[in-house]
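The following note was prepared for a colleague reviewing the model. The points below are offered for reading alongside the coordinates.

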Amino acid sequence: MTHRTRLVTAAIAVAASVTGTALLGASGAASAATGSAHGTLTVSNGTAYVLIGGHRVNFGVPVRDLAWSPDGAHAAFIDGSGNLDIARPDGSGRVVVAKNPGNQNWSHPTWQVAAKDAQNGIPAKDNLIFAARDKGVSRLKYVSAKAVHGTPRALSLNGDPGPGGALPQTGNVWPDAAGHYGTSVYSNVDTGAVYIRDDYLRQQGGKLTKGAQPALSPNEEEVVFVRSVAGHDHVLVDDLMHGNRVKDLTPHATTDYTEPAWSPDGRTLAVRTPSGTVTLPADGSGRPARATSTVGLAAYRP
C-alpha cells in the first residue's frame with residue numbers, strides 16, 4: 001500500500017467517524033520526502049511592509065493574507081484594492097492574477113501545486129485557491145497562478161454520493177493547501193467545522209472535526225486548527241494517520257492563539273496572538289515562545 005493510499009484511507013476513516021460519510025479511496029506513487037529546511041518566518045498585516053526574517057520589506061501596495069509558493073519564489077496576497085496578486089520576495093515583479101470585480105471580499109489565498117502524474121493521467125496543478133465573500137456569502141474559488149487578470153472559478157467540493165454526503169457549498173473560508181497531491185483543508189462558518197478536500201485521482205472531501213482556521217501539514221498527515229476552549233482560542237492538531245487523534249498544543253493558554261502556520265519541515269508552528277507572533281513545537285513538546293511583537297498573519301517562506 002502506498003503512502004498516498006494509507007493517507008487517504010486514514011482521512012476517510014476520520015471523516016466517517018465524525019460525519020458518518022466516507023470519501024472515495026485513491027492511490028498513487030509514494031510521496032517524496034518532506035524537505036528539511038525550517039524556512040523563514042514572515043508576517044503580513046495589511047500594510048505595504050512585510051516582515052521577512054526580521055526585516056521589513058516594502059511591497060509597494062498593502063499586503064494582506066500573504067502565502068508563499070512551495071518553492072519560495074513568489075508570494076500571493078490580497079492587495080489594497082482587493083485583488084489577488086503575486087510578487088517576488090522583495091516585492092518586485094508584482095502581477096494581478098485576478099482583479100476583484102468590486103463589492104467582494106477576497107481572503108486567504110493558498111498555493112495548490114502538484115506535479116503531473118502521467119501514469120494516472122493527472123495534469124500538473126499550479127493554482128491559487130482563496131475565499132470570496134459576495135453579498136454576505138462566502139465561497140471557495142481558484143485561478144491559475146500564472147494568470148494575468150484571470151477569471152476565478154468555483155472550487156468543486158464533492159462529498160460522498162450517498163445520503164447525507166453532500167458538503168456545504170457556501171460559508172467556506174480559510175483554505176490551506178499543502179503536500180504533493182493538491183490536498184487542502186478549509187473551514188465553514190455555518191457548521192463550525194474543518195473539512196478536507198482531496199484532489200488527486202478524483203475530487204472528494206469530508207468533514208474532519210469542529211474548529212476553524214485549519215492548516216495542513218507539509219506531509220499531509222496532520223491538520224492544525226483553532227478551537228475555543230475555556231474562554232480562549234487554543235491551537236489543536238488532528239492526526240489523520242491515527243484515527244482522529246486530536247491533541248491540544250496550547251493547553252495552558254491564557255491568551256488567544258489563532259491562525260497557525262506550519263514550517264516547511266513540519267516541526268514548528270507559528271501562531272498569532274494579540275501581542276505578536278509566537279512559535280511552538282508541532283508535536284506539543286514545548287510551550288509557545290515569542291518570535292516577534294509584530295501582530296499579523298504568520299507564514300513560512302521555504
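Which residue in S14 is the bridge partner of Ser 184?

1. The bridge partner of Ser 184 in S14 is Arg 197. This assignment, like the others in this note, refers to a predicted model.

2. Ser 184 belongs to a strand, S13, that spans residues 183-188 and is mostly covered, with six of its six residues buried. Thr 183, Val 185 and Ser 187 point to one side of S13, whereas Ser 184, Tyr 186 and Asn 188 point the other way. Residues of both sets are buried.

3. On one hand, S13 pairs with strand S12 (residues 172-178) in the antiparallel sense, over five bridges. Within this pairing, Val 185 of S13 stands opposite Asp 176. The two strands form a hairpin with four residues between them; in the turn, Gly 179 has a positive phi of about 85°.

4. S13 also pairs with strand S14 (residues 193-199), again antiparallel and over five bridges. S13 and S14 likewise form a hairpin with four residues between them, and Gly 192 in that turn has a positive phi of about 65°.

5. A separate point concerns Asn 127, which is located in strand S9 (residues 125-134). Is Asn 127 buried or exposed? Its relative accessibility is 15%, and Asn 127 therefore counts as buried, the cut-off for that class being under 20%.

6. Neighbours within four places in sequence are set aside for the contacts of Asn 127. The residue is then in contact with Thr 110, Trp 111 and Gln 112, and also with Tyr 142, Val 143, Ser 144 and Ala 145.

Note on methods:
Residues are numbered from 1 along each chain as its sequence is written. This is a predicted model: local features need pLDDT of at least 70, side-chain atom pairs count only at pLDDT 80 or more; totals for chains, interfaces and linings use all residues. Side-chain values use heavy atoms; hydrogens and water are left out. Buried means under 20% relative accessible area, exposed over 50%, partly exposed in between (1.4 Å probe, protein chains only). Contact means heavy atoms within 4.5 Å. Two strands pair if DSSP finds at least two bridges between them.
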